[in-house]
Amino acid sequence: MDAGKAARLERIGTGGRHLIVPMDHGITMGPVKGLKDIESTIDGITAGGADAVLTQKGIASRVHPHKNGAGYIVHLNGSTTIGPDEEDKRLTGTVEDAIRAGADAVSFHINVGSEHEPDQLSQLGELTAEADRYGMPVLAMAYARGPGIDESDSEALGHAVRLAEELGADVIKTGYSGDAESFQHVVEATAKPVVIAGGSKGTDEETLEMVRGAMDGGAAGVSMGRSIFQHDEPEAITSAVAAVIHDDADAGEALKTAGLAVEA
């Protein structure tokens with residue numbers, strides 16, 4: 001790995017662990033809660049300990065003044081919930097666009113097992129080649145997602161993360177298999193760091209138990225969006241997730257440290 005890529009990877013993590021908050025949902029879902037005043041949200045989550053935030057390139061000017069020294073990732077494909085097929089992610093930018101936007105890394109979403117896999121596979125391969133020329137890290141969001149596929153199946157998830165490594169990704173995001181033991185298989189499928197997606201919005205304790213389970217299974221952290229940026233207290237929940245990832249706290253300790261109530 002060249003020095004530039006190594007330096008940029010350090011900017012989106014801490015000690016090889018990652019707390020990334022994706023906020024590219026404006027293109028997918030529109031200006032939902034937490035994204036209208038994205039500046040305040042970014043201020044809160046980065047003050048709470050997020051290592052990096054992630055958006056589409058057009059939001060860059062709203063990100064930089066508010067990220068408190070955190071890393072910045074530009075996402076390079078997308079789709080909408082009101083379009084014909086949300087799984088049909090299309091390119092929205094290039095590595096050069098991301099560099100001009102001040103990014104420390106780029107990301108790309110691929111649905112492994114879907115009818116769109118062939119095009120997304122080719123695009124991810126081309127993207128990693130382009131990124132490598134610039135020493136730019138690539139976060140691949142590799143989901144096991146398609147007809148007849150259980151999105152939490154550890155075999156399918158293991159295939160997805162291995163595919164991402166084979167195509168040149170540096171950090172890989174995928175779904176959580178549900179428990180530490182099965183997720184260990186997913187982590188062992190690749191030599192690259194694996195981070196989990198946030199999943200459905202549950203209670204704070206459920207969210208933190210999921211993060212704890214993933215870390216116990218060997219995960220390198222999370223890339224968690226709505227459970228953080230739509231929380232009533234984004235800074236507090238970020239602080240709690242950071243305590244699990246970076247301080248090895250359990251869920252109860254993390255809630256207490258962040259000043260969040262344990263749900264009855």
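**Helix packing and annotated sites**

Helix H9 (residues 204–216) and helix H11 (residues 234–247) have axes that come within 9 Å and cross at roughly 25°. That angle makes H9 roughly parallel to H11, since anything under 35 degrees counts as such. The crossing of this pair is right-handed. On the H9 side, the contact is made by Asp204, Leu208, Val211, Arg212 and Met215, while H11 brings in Ile237, Ala240, Val241, Val244 and Ile245. Sorted by class, the contact of H9 with H11 has eight nonpolar residues, two charged ones and no polar ones. All of this comes from a predicted model, so the picture below is a predicted one too.

H9 also meets helix H12 (residues 251–258), and here the axes come within 9 Å and cross at roughly 125°. H9 is therefore oblique to H12. The crossing is again a right-handed one, with H9 passing H12. Asp204, Glu205, Leu208 and Glu209 are what H9 puts into this contact, and H12 answers with Ala251, Ala254 and Leu255. The class count for H9 with H12 comes to four nonpolar and three charged residues, with no polar ones. Asp204 and Leu208 turn up in the contact with H11 and also in the one with H12.

Elsewhere in the chain, helix H7 (residues 154–166) packs on helix H8 (residues 180–188) at an angle of about 25°, with the two axes 8 Å apart. H7 and H8 are therefore roughly parallel to each other. H7 passes H8 in a right-handed crossing. In H7, the residues involved are Ser154, Glu155, Leu157, Gly158 and Val161, and they meet Ser182, His185 and Val186 of H8. By class, the H7 and H8 contact holds three nonpolar, four polar and one charged residues.

Turning to annotations, the unreviewed UniProt entry lists Asp24, Tyr143 and Lys173 under "active site". Where do Asp24, Tyr143 and Lys173 sit with respect to the largest pocket? The lining of that pocket includes Asp24, Tyr143 and Lys173. As for local structure, Tyr143 lies in strand E7 (residues 138–144).

The same kind of record, an unreviewed UniProt entry, gives a longer list under "binding site": Asp24, His25, Gly26, Ile27, Thr28, Tyr143, Ala144, Arg145, Gly198, Gly199, Gly225 and Arg226. These positions span 203 residues in sequence, and the farthest two C-alpha atoms are 23.1 Å apart, so the residues do not all gather at one spot. Even so, the lining of the largest pocket includes Asp24, His25, Thr28, Tyr143, Ala144, Arg145, Gly198, Gly199, Gly225 and Arg226 from that list. Ile27, another of the listed "binding site" residues, lies in helix H2 (residues 25–29). Asp24 and Tyr143 carry the "active site" label in the record, and both are listed there under "binding site" as well.

Methods
Residues numbered from 1 in each chain as written. Predicted model: local features only at pLDDT ≥ 70, side-chain atom pairs only at ≥ 80, totals over all residues. Heavy atoms only, no water. Axes fitted to C-alpha atoms, helices over the stretch in contact; angles between N-to-C directions. Helix = DSSP H or I, 4+ residues; strand = E, 2+ residues; numbered from the N terminus. Parallel < 35°, antiparallel > 145°, perpendicular 65-115°, else oblique. Left-handed = near helix turned anticlockwise from the far one by under 90°. Contact = heavy atoms within 4.5 Å. Nonpolar A, V, L, I, M, F, W, Y, C, P; charged D, E, K, R; others polar. UniProt positions renumbered as here; feature names shortened; annotations may be inferred. 1 Å grid on protein atoms, 1.4 Å probe; cavity = no way out; pocket = protein on both sides within 12 Å on 5 of 7 lines; lining within 4 Å.
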